[in-house]
Amino acid sequence: MQHAAYSRNVFINCPFDGRYTPLFEAIVFTVHYVGFLPKCARERMDSSQIRLHKIVELIAASRYAIHDLSRTTLDESNALPRFNMPLELGIDLGCKAFSPNHHDKSLLIFDAEPYRFQKYVSDIGGQDVEQHANDPKAVITSVRNWLRAESDVTLPSGAIIFGDYEAFRADLPDLCASIKLDESALTFADFSYTVARWLNPD
């Protein structure tokens, strides 16, 4: 049985480190902007729930998903790469392939550089992978173009959305102050709420 908001949910599978934050926030803004609902593992903080179960539930509840595979470098502390993002992509691909209720799923796969993914996950070589070069404007344009094509919703161009995103960033300090939030410590739920409020102030 599908979640009630399945057709509007967009699951975001990406790194959560500080360097990626500008891209993550640009994705969240764009998903809201075009009328969809961003979902990610950070929206739930129930310590009793196993993390993988949480991710599986979010994947099953989302028709759309964005998977960023750009973090393949070795971690400085343990000299190992992070495999969470490819794992979650695999779960989503399996959900689409094996669940009759999820055959309509649509995925957007990102990497930072062209064709780099073929060196570490060559099994997806036959799929279109978008490159963002760690640029929020490129991320916004790709997310907009994908959801425009997949949902057939008329949307402003990526450049227009990016301009509005810059306006939102400029307004964010005052917006946070007005609703008593610390801009430097926004949770995913807080940031998502500020985006929604900025887009729909009434």
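The following questions and answers walk through a predicted model of one protein chain.

Trainee: How many helices and strands does the chain have, and in what order do the elements run?

Mentor: The model is predicted, and its elements are counted from the N terminus. The chain has six helices and five strands. Read from the N terminus on, the elements run β-α-β-α-β-α-β-β-α-α-α.

Trainee: In what order do the strands lie in the sheet?

Mentor: The five strands form an open sheet, and their pairing is parallel. The edge strands are β2 and β5, each of which pairs on one side only. From one edge to the other, the order is β2-β1-β3-β4-β5.

Trainee: Which residue in β2 stands opposite V10?

Mentor: Strand β1 covers residues 9-13 and pairs with β2 in the parallel sense. Three bridges join β1 and β2. The residue in β2 opposite V10 is P38.

Trainee: How many bridges join β4 to β3, and how many join β4 to β5?

Mentor: Strand β3 (residues 64-68) runs parallel to β4, and A65 stands opposite L107 in β4. On the β5 side the strands also run parallel, with D111 opposite Q131. Strand β4 has five bridges to β3 and two bridges to β5.

Trainee: How many residues of β4 are buried?

Mentor: In a regular strand the side chains alternate between the two faces of the sheet. In β4, S106, L108 and F110 point one way, while L107, I109 and D111 point the other way. Both groups are buried. For β4 (residues 106-111), the count of buried residues is six of six.

Trainee: What share of the 202 residues in the chain is buried?

Mentor: A residue counts as buried when its relative accessible area is under 20%. The accessible surface of the chain comes to about 10,800 Å², and 52% of that surface belongs to carbon and sulfur atoms. The buried share of the 202 residues is 42%.

Trainee: Is V31 buried or exposed?

Mentor: V31 is in helix α1. Leaving aside residues up to four places away in sequence, V31 touches V10, F36, L37, P38, I66 and V143. The relative accessibility of V31 is 0%, so V31 counts as buried.

Trainee: What is the distance in space between V31 and R144, C-alpha to C-alpha?

Mentor: In sequence, V31 and R144 are 113 residues apart. Across the chain, among contacts between residues at least 6 apart in sequence, 64% join residues at least 24 apart. From C-alpha to C-alpha, V31 and R144 are apart in space by 7.9 Å.

Trainee: Is the pair of rings of F29 and W198 stacked, edge-to-face or tilted?

Mentor: A search of the whole structure finds eleven aromatic pairs. In the pair of F29 and W198, the ring centres are 6.0 Å apart. Planes under 30 degrees apart count as stacked and those over 60 as edge-to-face. The planes of F29 and W198 are at 50 degrees, so the pair is tilted.

Trainee: How many residues apart are F29 and W198?

Mentor: F29 is in helix α1 (residues 21-33) and W198 is in helix α6 (residues 188-199). The pair links distant parts of the chain. The separation of F29 and W198 is 169 residues.

Trainee: Which of these words fits W198: buried, partly exposed or exposed?

Mentor: F29 and W198 belong to one aromatic cluster, together with Y33, Y165, F168 and F191. F29 has 0% relative accessibility and counts as buried. W198 has a relative accessible area of 23%, and the range for partly exposed starts where buried, under 20%, ends. W198 is therefore partly exposed.

Trainee: What is the area of the nonpolar surface patch made by I50, L52, V56 and L87?

Mentor: One residue of the patch, I50, lies in the loop between β2 (37-39) and α2 (51-60). The other residues that make the patch are L52, V56 and L87. The area of the patch is about 330 Å².

Trainee: What is the phi of K180?

Mentor: K180 lies in the loop between α5 (158-178) and α6. At 79% relative accessibility, K180 counts as exposed. K180 is not a glycine, although its phi is positive, at about 60 degrees.

Key:
Residues are numbered from 1 along each chain as its sequence is written. This is a predicted model: local features need pLDDT of at least 70, side-chain atom pairs count only at pLDDT 80 or more; totals for chains, interfaces and linings use all residues. Side-chain values use heavy atoms; hydrogens and water are left out. Rings of Phe, Tyr and Trp (its six-membered ring) pair if their centres lie within 6.5 Å; planes under 30 degrees apart count as stacked, over 60 as edge-to-face and the rest as tilted. Helices (H or I, at least four residues) and strands (E, at least two) are DSSP runs, numbered from the N terminus. Buried means under 20% relative accessible area, exposed over 50%, partly exposed in between (1.4 Å probe, protein chains only). Contact means heavy atoms within 4.5 Å. Accessible areas come from the Shrake-Rupley method with a 1.4 Å probe; for residues, only the protein chains shown count as cover. Two strands pair if DSSP finds at least two bridges between them. Patches are made of residues with over 30% relative accessible area and no salt bridge: like charges are joined within 9 Å, nonpolar side chains (Val, Leu, Ile, Met, Phe, Trp, Tyr) within 5 Å. A salt bridge is a side-chain nitrogen of Lys or Arg within 4 Å of a carboxyl oxygen of Asp or Glu.
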